[in-house]
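Here are my notes for going through this one together. Keep the picture open while you read, and take the points in order.

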Amino acid sequence: MQKVVKFGGSSLANSTQFEKVKNIVLSDPARRIVVVSALGKRTKDDYKITDLLFLTQAHLKYGVDEKSVFQIVKDRYLEVAKDLNLKLDLNKEFEIIESEFSKTIDKEMLVSRGEFLAAKMMAEYLDYKFIDAKDVIFFDYSGVIDSEKTDKAVQEVLKVYDKIVVPGFYGAYPDGKIHLLSRGGSDVTGSILAKASDATIYENWTDVSGFLVTDPRIVPSPKQIKEISYEELRELSYMGANVLHEDTIFPVQELDIPINIKNTNSPDDEGTIITSKCVDTKQIITGIAGKKDYDSITIIKKPKTEKLKVMREVLKVMAKYNINVEHMPSSIDTFSLIIESSKIAKHLYEVLFEIKEIEDVMDVVVDSDIALVAVVGRNMKTKAGISAKLFSIFGTNNINIKVIAQASQELSIIVGVSNSDFEKAIKAIYEGLVN
């Protein structure tokens, strides 16, 4: 058995958290590949190391004194290293970084140093081998992972070293320069390494014991999700749930490697399992998520005009401005485009003008007050009447449904309501379908 384990920033906030990580890793000899983020926040008001490094680069770029900002980064790492009695010469590491300081410093290289140094420290602390991510994780110049080259490099390293620590969040372009993943990218690093090493399981350690059915800021103490499918995870993540980076599942899904979300502060908790082989059939609703601020653009076509023809012309306009359409519900003479308000705001008037100029369009109606709520559950298809119950819940709570969309596989039901009804809708759905 071989496990890849990834620890997020909250698991590395200070020396006490490092100790917890060490106890977790060494308690199971199968935890041979460790991925770490940069040091996380110690308190709610603390700074994120990654943000400080971005700020350092901005100061350098615009000629502002960066020393005070970068000193905070240095102090954080030096404090942890001192507490753990590490021999790593961090001052030398910082000198190397500072020797590159200039207005044209490579931003991706600088920002990646948060993970780089955390991994070096963790490798010494665990007595594992440090492996730089740029030497085993490779991307092409468009930022797409080179799976073949990456898999081969990881497998070659594991032939030589039995236990390794790898920094998350970055890899290398073909020319060797650092390529940063998007924020939360350390999750993806762990997934890439799990696939490359053909791991038995990928454990993702954070500060919560798995995923919750819905946002605890809206519903107090919601139930925990014990298991969730890859497809459900993508649906919830896409609809705004604060779960894994949505690209995390692709590498492990290919080899059907389960992901276990675990809590560094409560390591005995079971957490949430993400897998294609969910066995729980009692859990009808897996999760509820959503986002505010969508626009609905409803196109009314001429009665005798072919709808497909009008749709095609309208979508050409959207493609021209590179605007993604989330949903497109339709009736016999109308169809609507549901779009995130922020994605169309810049070109709204141009888009409306060009749609109205289409020959077979009679009218265009815009509603800029829509929030989308997704009810996700792989087991909904096995239980009749979920949609009817959902409509009843909305009626009882005096919530007007503006949009509804459900795909044939019945994995999710998406409803659109007014922004002002967003939290009310999520609470009502939770009480009516989950509690």
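1. Which residue in strand 2 does Val4 stand opposite? Find Val4 and look across to strand 2: the residue facing Val4 there is Ile33. Before you go further, keep in mind that this is a predicted model. The two strands in question, strand 1 and strand 2, run parallel and are joined by 5 bridges.

2. Stay with strand 1, which covers residues 3-7. On its other side you'll meet strand 7 (residues 201-206), again in a parallel pairing with 5 bridges. Here the thing to look for is Lys6, which sits opposite Asn204 of strand 7. As general background, strands in a sheet pair through hydrogen bonds of the backbone, in either a parallel or an antiparallel way.

3. Is strand 1 covered or open to the outside? It is mostly covered, with 5 of its 5 residues buried. That goes for both faces: Lys3, Val5 and Phe7 are buried on one side, and Val4 and Lys6 are buried on the other. Notice that the buried list includes Lys3 and Lys6.

4. Now zoom out to the whole sheet. It is an open sheet of 8 strands with mixed pairing, and the order reads 3-4-2-1-7-9-10-8. Strand 3 (129-130) and strand 8 (227-228) are the edges; each has a single partner strand, so one side of each has no neighbour in the sheet. Helix 5 (residues 107-126) packs on this sheet and touches strand 2, strand 3 and strand 4. The direction of helix 5 is at about 165 degrees to that of strand 4.

5. Back to strand 2 (residues 31-36) for a moment. It runs parallel to strand 4 (residues 164-167), and 4 bridges join the two. If you want one pair to click on, try Val36, whose bridge partner in strand 4 is Pro167.

6. Next, a pair of helices. A packed pair of helices is described by the distance between the axes and the angle between them. For helix 2 (residues 49-61) and helix 3 (residues 67-83), the axes come within 8 Å and cross at roughly 145 degrees. The crossing is left-handed. From helix 2, the residues in contact are Ile49, Leu52, Leu53, Leu55, Thr56 and His59; from helix 3, they are Val69, Phe70, Ile72, Val73, Arg76 and Tyr77. Sorted by type, this contact has 9 nonpolar, 2 polar and 1 charged residues.

7. Phe70 turns up again among the aromatic pairs, of which the structure holds 6. One of them is Phe70 with Phe101, an edge-to-face pair with 5.1 Å from centre to centre and 75 degrees between the planes. The two are 31 residues apart, with Phe70 in helix 3 and Phe101 in the loop between helix 4 and helix 5. Phe70 has a relative accessible area of 2%, so it is buried. Phe101, at 17%, counts as buried too. Together with Phe94, these two form one aromatic cluster.

8. Why is the pair of Tyr141 and Tyr173 called stacked? Their ring planes are at 15 degrees and their centres 6.0 Å apart, so the pair counts as stacked. Tyr141 is in the loop between strand 3 and helix 6, while Tyr173 is in the loop between strand 5 and strand 6, 32 residues away along the chain. Tyr141 is exposed at 55% relative accessible area, whereas Tyr173 is buried at 17%.

9. Last stop: strand 12 (residues 334-340). 6 of its 7 residues are buried, so it is mostly covered. Strand 12 pairs with strand 11 (residues 287-301) in the antiparallel sense, over 7 bridges. In that pairing, Ile300 has Thr334 as its bridge partner.

10. While you're there, look for His327, in the loop between helix 10 and strand 12. With 17% relative accessibility, His327 counts as buried. Leaving aside residues up to four places away in sequence, His327 touches Ser336, Leu337, Ile338, Leu372, Ala405 and Ile414.

Methods
Residues numbered from 1 in each chain as written. Predicted model: local features only at pLDDT ≥ 70, side-chain atom pairs only at ≥ 80, totals over all residues. Heavy atoms only, no water. Axes fitted to C-alpha atoms, helices over the stretch in contact; angles between N-to-C directions. Left-handed = near helix turned anticlockwise from the far one by under 90°. Contact = heavy atoms within 4.5 Å. Nonpolar A, V, L, I, M, F, W, Y, C, P; charged D, E, K, R; others polar. Pairing = 2+ DSSP bridges. Buried < 20%, exposed > 50% of the residue type's maximum accessible area, 1.4 Å probe, protein only. Phe/Tyr/Trp six-rings, centres within 6.5 Å; stacked < 30°, edge-to-face > 60°.
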